[in-house]
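Hi,

Here's the structure I promised to pass on. Have a look at it first, then read my notes underneath.

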There are 2 protein chains.
Amino acid sequence: MTAAESPGAADEVAGVLVALADPTRRKLLDLLAARGEVSATTLAEGLPISRQAIVKHLAVLDAAGLVSCTRVGREVRYALRPAPLDATARWMASVAADWDRRLATIKRVAEAAEQQAGQSRPPAQ
Amino acid sequence: MTAAESPGAADEVAGVLVALADPTRRKLLDLLAARGEVSATTLAEGLPISRQAIVKHLAVLDAAGLVSCTRVGREVRYALRPAPLDATARWMASVAADWDRRLATIKRVAEAAEQQAGQSRPPAQ
DNA sequence: CTTTGATGCAACTCGATGGTTGCACAACCT
DNA sequence: AGGTTGTGCAACCATCGAGTTGCATCAAAG
């Protein structure tokens, strides 16, 4: 269980990664960050795609926990939810650190082996 | 240019996000982290999919800069490349921080407005 | 030189996904 | 009541992407 901080973290992260992989979804998050609580129709005004498409994207973002919606009268306001993004950032940093560690170890071992080989026998490859 | 540290960072990040969105690709990176430099065929032995599929995934990872390949005789060894992951982690953390900032501001403004409203007229909702 | 094992390329299947349109329904405003 | 306006639902289309198979190719070993 390397580079994992809490059980089930990988699951949460997976959803966030999928959600962030789409440029339209990133744009959407951008707009939400800029304008606070906004309805889907309002979001649609600033984008070249239909409201329905946006609703679907918002559903994905909601499933990833990156967004939450509250009903206000007949409209539905969507708002940012930074926590999962932060968690994913931490997860990613930890994975990167893990890789660095492993690569350093591998390099060290390789050098040791080469040293060893140089003293006893000709290079294997 | 909010939450961006260097020009063109978003482009690099996009590739990494797409690459990481696929679970098979993540598994692949995991294997590479565990076993160092490995060829596609070797990777295929530990996974339930064909070598060709793996090669395609490795191509995506390579395009994202997460992996590099070097030819050794007749085989091609793939190795991890942590830098883009680290960059993406930083980008993500910076975006998360930006969101927090904005949300805090919005909340502050909302509270001020409510305060204002509370002094002159009864609560709107 | 022949065989063996690894790679590269291309065509194909098929499910997921981004996007659209049309319509029904609920809520707001006169 | 009656007309707007915003949502939700469902069908539908097109494309992308993951995966497969088959074959050609090229380096290494005999």
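Below is what turned up, starting with the two protein chains and then moving to the DNA.

First, some ground rules: this is a predicted model, where local features need pLDDT of at least 70, side-chain atom pairs count only at pLDDT 80 or more, and totals for chains, interfaces and linings use all residues. Residues are numbered from 1 along each chain as its sequence is written, chains are lettered from A and ligands numbered from 1 in the order in which they are written, and side-chain values use heavy atoms, leaving out hydrogens and water.

Chain A fits onto chain B with an RMSD of 0.2 Å after a turn of 180° and a shift of 0.0 Å along the axis (least-squares superposition on C-alpha atoms of residues with pLDDT of at least 70 in both). The two copies are thus related as by a two-fold rotation axis. In chain A, the residue closest to that axis is Ala89(A), its C-alpha being 2.4 Å away.

Now for DNA strand C. It is surrounded by 21 residues (each with a heavy atom within 4 Å of the strand), and among the closest are Lys56(A) and Thr41(B). By class, 4 are nonpolar, 8 polar and 9 charged (Asp, Glu, Lys and Arg count as charged; Ala, Val, Leu, Ile, Met, Phe, Trp, Tyr, Cys and Pro as nonpolar; the others, Gly among them, as polar).

Which parts of the strand do residues of chain A approach? A phosphate oxygen sits 2.4 Å from a side-chain N or O atom of His57(A), while a base nitrogen is 2.9 Å from one in Arg74(A).

Cheers

Methods
A polar contact is a pair of N or O atoms within 3.5 Å; within protein, one must be able to donate a hydrogen and the other to accept it, and residues adjacent in sequence count only if both atoms are side-chain atoms.
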